[in-house]
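Work through the exercises below with the sequence and the model open. Each task is followed by a solution in steps.

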Amino acid sequence: MDELIDIVTDNGLKTGETVLKSVAHRDGIFHQTVHIWFYTKNHQILLQQRGKDKNTFPLLFDVSVAGHIHAGEAIEVAALREIEEEIGLLVSKKDLKKIGVFKSIQNHHPELIDAEFHHTFIAELKVPLQELIKQESEVEDLQLTSLIKFSEEIWGMANPKKYVPHSATYYKTVIKAIKKEL
């Protein structure tokens, strides 16, 4: 689904202009996304396996919930919307803890360049996994894995065929932030 998104500079500042998401991806125009990592008090992290029909990294495991921020939409509102859309969970703004903004450029091929700023949050998952409702068009599977196993597998991207390749700094920040909450 194509949607209007705000254009940002290569420093993450809004320009006041909007563009269709497809154009931003085609032309490598910087824009904003939200990433929300869910964890449990028993030291597990919720992973989303990306849908098999996704244009980028199909069937790889990634952040619990992610999506684009619509033009003019507040960051936290986008996070709450994406959580409800992708895993059927209603949470409030106070449940989200922002842990950073990460610049990411992924050159998938000449007509698909993700130039994004990921506004990244963590939140405690307070319901059982089986109560989550995955968005069939976006999400292949949801699974909980131990934070230790996840840390071991992504450190230095030891298992690159399993996970979306985010930067080491990104993954370390997520893991440290979750550990601090436990």
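The model is predicted. A search of the whole structure finds eight aromatic pairs.

**Exercise 1. Classify the ring pair of Trp37 and Tyr171, and place both residues in the fold.**

Step 1. The ring centres of Trp37 and Tyr171 are 6.3 Å apart, and the cut-off for a pair is 6.5 Å.
Step 2. The planes stand at 70°, so the pair is edge-to-face; that class needs an angle over 60 degrees.
Step 3. Trp37 belongs to strand S3 (residues 31-40) and Tyr171 to helix H4 (residues 168-181). The pair links distant parts of the chain, 134 residues apart.
Step 4. Both Trp37 and Tyr171 are buried.

**Exercise 2. Do the same for Phe150 and Tyr163, then name the aromatic cluster.**

Step 1. Phe150 and Tyr163 are 5.5 Å apart centre to centre, with 80° between the planes, and the pair is edge-to-face.
Step 2. Phe150 lies in helix H3 (residues 147-154), whereas Tyr163 lies in the loop between H3 and H4, 13 residues apart.
Step 3. Buried means under 20% relative accessible area. Phe150 has 0% and therefore counts as buried; Tyr163 has 1% and is buried too.
Step 4. One aromatic cluster is formed by Trp37, Phe102, Phe150, Tyr163, Tyr170 and Tyr171.

**Exercise 3. Which residues of H3 are buried, and against which elements do they pack?**

Step 1. The buried residues of H3 are Leu147, Phe150, Ser151, Glu153 and Ile154.
Step 2. An α-helix has 3.6 residues a turn, so residues three or four places apart point the same way.
Step 3. The partners of the buried H3 residues are S3, strand S4 (44-50), strand S9 (139-146) and H4.

**Exercise 4. Describe how strands S7 and S8 are joined.**

Step 1. S7 (residues 97-109) and S8 (residues 112-124) run antiparallel and are joined by eleven bridges.
Step 2. The connection is a hairpin through two residues.
Step 3. To check the register, find Val101, which stands opposite His119 in S8.

**Exercise 5. Locate the salt bridges of Asp95 and Glu181, and assign the exposure of each partner.**

Step 1. The search of the whole structure gives twelve salt bridges.
Step 2. Asp95 meets Lys126 at 3.9 Å, N to O, and the cut-off is 4 Å.
Step 3. Asp95 is in the loop between helix H2 (75-87) and S7, and Lys126 is in the loop between S8 and S9, so the bridge ties together parts 31 residues apart in sequence.
Step 4. Asp95, at 25% relative accessibility, counts as partly exposed, whereas Lys126, at 61%, is exposed.
Step 5. Glu181 meets Lys97 at 2.6 Å, N to O. Glu181 lies in helix H4 and Lys97 in strand S7, so this bridge ties together parts 84 residues apart in sequence.
Step 6. Glu181 is partly exposed at 26%, and Lys97 is partly exposed at 36%.

**Exercise 6. What does the side chain of Lys162 meet, and what does its charged end sit over?**

Step 1. Lys162 and Glu153 form a salt bridge of 3.1 Å, N to O.
Step 2. Glu153 has 15% relative accessibility and therefore counts as buried.
Step 3. The charged end of Lys162 sits over the ring of Phe61, 5.8 Å from its centre.

**Exercise 7. Name the residues of a network built by salt bridges that share partners.**

Step 1. The network consists of Glu73, Arg81, Glu82 and Glu85.

Technical notes. Residues are numbered from 1 along each chain as its sequence is written. Side-chain values use heavy atoms; hydrogens and water are left out. Rings of Phe, Tyr and Trp (its six-membered ring) pair if their centres lie within 6.5 Å; planes under 30 degrees apart count as stacked, over 60 as edge-to-face and the rest as tilted. Helices (H or I, at least four residues) and strands (E, at least two) are DSSP runs, numbered from the N terminus. Buried means under 20% relative accessible area, exposed over 50%, partly exposed in between (1.4 Å probe, protein chains only). A charge sits over a ring if NZ of Lys or CZ of Arg is within 6 Å of the ring centre and within 35 degrees of the ring normal. Two strands pair if DSSP finds at least two bridges between them. Contact means heavy atoms within 4.5 Å.
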